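Visitor: I'd like a close look at one part of this protein, please. Could you pick a helix, show me what it packs against, and then walk me through what lies around it?

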Amino acid sequence: DDTTVVGLISGGDKAAYRDEVLKLSEWCFANYLALNISKTKEMVIDYRRHRADHTPLFINGYCVERVSTFKFLGTHIVEDLSWSANTSAVVKKTQQRSHFPRMLRKNSLEERLLVAYRSTIESVLAYCITVWYAGCSAADRRALQREIKTVQKISSCPLPSLEDISSSRCLCRARKIIKDPFHPGQFLFNLLPSGRRYRCIKSLTNRLKISFFPWAIRTLNSSNIHKT
């Protein structure tokens, strides 16, 4: 389930990408598995100024539907890698779950409010936060922070901000990657001669600057400065 094929199309040559799809189809057939083409989706991420029409993808003679947005493992991904659709879904889910803290306070169970918040609301807000938070717009971040403030008013106790949650999750993820010699992204974390800071990744576009690895390195360097 939830199998993903990712291909980089360079110079308009789609042969390698379509060959990977063909290999997946053949592997499924050889292992007595059936691909459900009706549930298979294709998303094309193309930032070129003059986008060309992409030829449809066929698997076993069936055309694969091309979509502009898709929900993958609980996260809404859009073809322009904006996160407003994902933010709207997260806000909607947290608003539904804010009923639990209200009921706990109504029944004088304030000591369980923090447990309920972390298990029902913060878990939703922090899900895959290292993927999408750095790329969120200011409006998206304000919308998510409002949900935390709502629960804070209900519980009458301070709660960590979304910025603090994202930073702690980012640091945790980055440190795990640094310790894992088999992680494909470990080589991006290079210590400077001082041994305290990591070399920042040069980014010519804002898309790269707000992606995980540059953000993680900036967060690591910031945390090291505060420690010293």
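Guide: Here is a walk around helix H2 and its surroundings, with a quick look at the whole chain before and a side trip after.

This is a predicted model, where local features need pLDDT of at least 70 and side-chain atom pairs count only at pLDDT 80 or more, while totals for chains, interfaces and linings use all residues. Residues are numbered from 1 along each chain as its sequence is written, and side-chain values use heavy atoms, leaving out hydrogens and water.

Let's start with the whole chain. It has nine helices and six strands; these are DSSP runs numbered from the N terminus, with helices (H or I) of at least four residues and strands (E) of at least two. The C-alpha trace spans about 60 × 50 × 40 Å along its principal axes. Of the 228 residues, 31% are buried. Here, buried means under 20% relative accessible area, exposed means over 50%, and partly exposed is in between, using a 1.4 Å probe and protein chains only. Now take the contacts with a separation of 6 or more: 58% of them link residues 24 or more positions apart. Contact means heavy atoms within 4.5 Å.

Now for H2, which covers residues 84–97. Two packed helices are described by the angle between their axes and the distance between the axes. Helix H4 (residues 113–125) packs against H2 at an angle of about 170°, with the axes 9 Å apart. The axes are lines fitted to C-alpha atoms, for helices over the stretch in contact, and angles run from 0 to 180 degrees between N-to-C directions. So H2 and H4 are roughly antiparallel, a label for angles over 145 degrees, while under 35 counts as roughly parallel, 65 to 115 as roughly perpendicular and the rest as oblique. On the H2 side, Val90, Lys93, Thr94 and Arg97 do the meeting. Their partners in H4 include Ile121, Ser123 and Val124.

Zoom in on serine 123, which sits in H4. With 33% relative accessibility, serine 123 counts as partly exposed. Setting aside neighbours within four places in sequence, serine 123 is in contact with Arg97 and Arg118.

H2 has another partner, helix H3 (residues 99–106): their axes come within 4 Å and cross at roughly 20°. That makes the two helices roughly parallel. Here Gln95, Gln96 and Arg97 in H2 meet His99, Phe100 and Pro101 in H3. Arg97 turns up again, having also appeared among the H2 residues that meet H4.

Next, step back along the chain to the loop between S6 and H2, where you'll find leucine 81. Leucine 81 is partly exposed, at 38% relative accessibility. Not counting residues up to four places away in sequence, leucine 81 touches Ile45 and Tyr47. Leucine 57 is 24 residues from leucine 81 along the chain, and their C-alpha atoms are separated by 21 Å.

Strand S6 itself (residues 75–78) holds threonine 75. At 5% relative accessibility, threonine 75 is buried. Apart from neighbours within four places in sequence, its contacts include Trp83, Asn86 and Tyr127.

One last stop, for the side trip: asparagine 221 lies in helix H9 (residues 212–227). Asparagine 221 counts as buried, at 2% relative accessibility. Beyond residues up to four places away in sequence, asparagine 221 touches Arg197, Tyr198 and Cys200.
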